[in-house]
Every structure is written in C-alpha cells, then in structure tokens.
Amino acid sequence: MALNVLEFVAQPGRRIPIDVVLAPVPGEADDLRVVGEIHMRGQGFAQLATLYIDVEMTTTIAQPCGRCLLPIEAPFSLRESFTVPIPPTADAVDVRPAAVSLLLSAHNPNVLCRPDCRGLCPKCGADLNEDPSHACPERDPGTRRLGDILRP
Ligand SMILES: [Zn+2]
Ligand SMILES: [Zn+2]
C-alpha cells in the first residue's frame, strides 16, 4: 500500500502524523519474511523531494527456528527513522519495501522455537524434539562404499 504524500508535499517541513497499515504483497516470500500487515505509526515531513519518516513499525516475522528449522511466527516492532524519495508529480509513495528491509535487517536472526530446542540430528536430520532418545543407526554399507570411492 502506498502512502499518500500530497498533504506532506503541500506543506514542506511540516510534521504530519502517520498512522497507516501496509498490506502484504502477494509473492513476497522467502525463508525469512515479513508476514501480514505492517502497522506504521509516527510522523513524517516532506523536504526537497524526500519524505522523512519517523515511525514505530509493528508486524509479524516468519522464519525457521535456528536449530530445528520449524517455521516460527513472532511479533516484532521497531522504531526507525528513514527517508523515501518522492518522485516528481507522485501523489503517493510505496514505503513498504523500505520498511520490510529495515525490519528484516533489525530482527534477531537466531530465534529458537523454544529455549531448549534440541535441534536436528547432524547425521540424518531427524527432529530431536520429537525423538529425544534418537540414536542414529550406522550408515548402510552402500553409502560407505560410495564414500570410499570418492575419497582421494
Ligand atoms: Zn527448534
Ligand atoms: Zn540421526
């Protein structure tokens, strides 16, 4: 969703309250992503074809658990000041891409699904949360033979 800038442009330098909800963009997907809406609250002003924004942003971030890769969604908020160029004759600017990149660069990259997550078996990838007594069986002979062949 674009932020209407007519009011800002009409009164350069004047601080105007911002309270918008930026809707999600379809197809905006990755392992790590902002899901859902971004609620942006604060103020901004226009000066020399630039929109200066100072807002609190609240959203939900989805990412895999740092140990077991289970998808987690967690609320996240960030207070940030940033600028967005206002193209000549534009009556609105899209502030979501800038907001998303700020949110993703500021969030914690090593979130765990729970503090005592056991993670995955390093050999077979089994989820050790589901099977705490997991003991990996010996690799089958076929795999070992292939490994021997490939060894220099
Ligand atoms: Zn986990
Ligand atoms: Zn295993």
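Helices (H or I, at least four residues) and strands (E, at least two) are DSSP runs, numbered from the N terminus. With that in hand, welcome to a short tour of the protein chain above. This is a predicted model, in which local features need pLDDT of at least 70, side-chain atom pairs count only at pLDDT 80 or more, and totals for chains, interfaces and linings use all residues. Residues are numbered from 1 along each chain as its sequence is written, while chains are lettered from A and ligands numbered from 1 in the order in which they are written.

**View 1. The whole chain has three helices and six strands.**
Follow the sequence and you will meet these elements in the pattern β-α-β-β-β-β-β-α-α. Two residues are in contact if their C-beta atoms, placed from the backbone, lie within 7 Å. Among contacts between residues at least 6 apart in sequence, 58% join residues at least 24 apart. A residue is called buried if 20 or more other C-beta atoms lie within 10 Å of its own, exposed if 12 or fewer, and partly exposed in between, with C-beta atoms placed from the backbone. Buried residues account for 14% of the 152 residues here.

**View 2. Four strands make an open sheet in the order 2-3-4-5, with antiparallel pairing.**
Two strands pair if DSSP finds at least two bridges between them. At the edges sit strand 2 (16-22) and strand 5 (71-85), each of which pairs on one side only. On average, neighbouring strands of this sheet are turned by 15° against each other, direction ignored. Strand 2 and strand 3 run antiparallel and are joined by seven bridges. To find this pairing in the model, look for Asp-19, which stands opposite Arg-41 in strand 3.

**View 3. Strand 3 and strand 4 form a hairpin with two residues between the strands.**
The two strands pair in the antiparallel sense over twelve bridges. A good landmark is Gln-43, which stands opposite Asp-54 in strand 4. Now move to the turn. Most residues other than glycine have a negative phi. In this hairpin, Leu-48 takes a positive phi near 50°. Ala-49, in the loop between strand 3 and strand 4, has a positive phi of about 60° although it is not a glycine. Is Ala-49 buried or exposed? Ala-49 counts as exposed because it has 12 other C-beta atoms within 10 Å.

**View 4. Strand 4 and strand 5 form a hairpin with six residues between the strands.**
Here 15 bridges join the two strands, which run antiparallel. Thr-50 stands opposite Pro-85 in strand 5. Within the hairpin, Leu-69 takes a positive phi near 70°. Leu-70 is placed in the loop between strand 4 and strand 5. Leu-70 counts as partly exposed because it has 14 C-beta neighbours inside 10 Å. Which residues does Leu-70 touch, not counting residues up to four places away in sequence? They are Pro-64, Cys-65 and Cys-113. Leu-70 and Gly-119 are 49 residues apart in sequence, yet 9.3 Å apart in space, C-alpha to C-alpha.

**View 5. Thr-89 lies in the loop between strand 5 and strand 6 (92-94).**
Like a residue in View 3, Thr-89 has a positive phi although it is not a glycine, here of about 70°. Thr-89 is exposed because it has 6 other C-beta atoms within 10 Å.

**View 6. Helix 2 lies across strand 2, strand 3, strand 4 and strand 5.**
Axes are lines fitted to C-alpha atoms, for helices over the stretch in contact, and angles run from 0 to 180 degrees between N-to-C directions. Helix 2 runs at about 125° to strand 5. Ala-106 is found in this helix. Ala-106 counts as partly exposed because it has 13 C-beta neighbours inside 10 Å. Ala-106 and Ser-77 are 29 residues apart in sequence and 9.5 Å apart in space, C-alpha to C-alpha.

**View 7. The largest nonpolar core has 17 residues.**
A nonpolar core is a set of buried Ala, Val, Leu, Ile, Met, Phe, Trp, Tyr and Cys residues joined through C-beta atoms within 7 Å. Ile-38, Met-40, Leu-51, Met-57, Ala-99 and Leu-103 touch the most other members. Strand 3 (33-47), strand 4 (50-64) and helix 2 (96-106) are the elements that give two or more residues to this core. Strand 4 gives the most, with five residues. Take a closer look at Leu-103: not counting residues up to four places away in sequence, Leu-103 touches Val-34, Met-57, Thr-59, Ile-61, Phe-76 and Leu-78.
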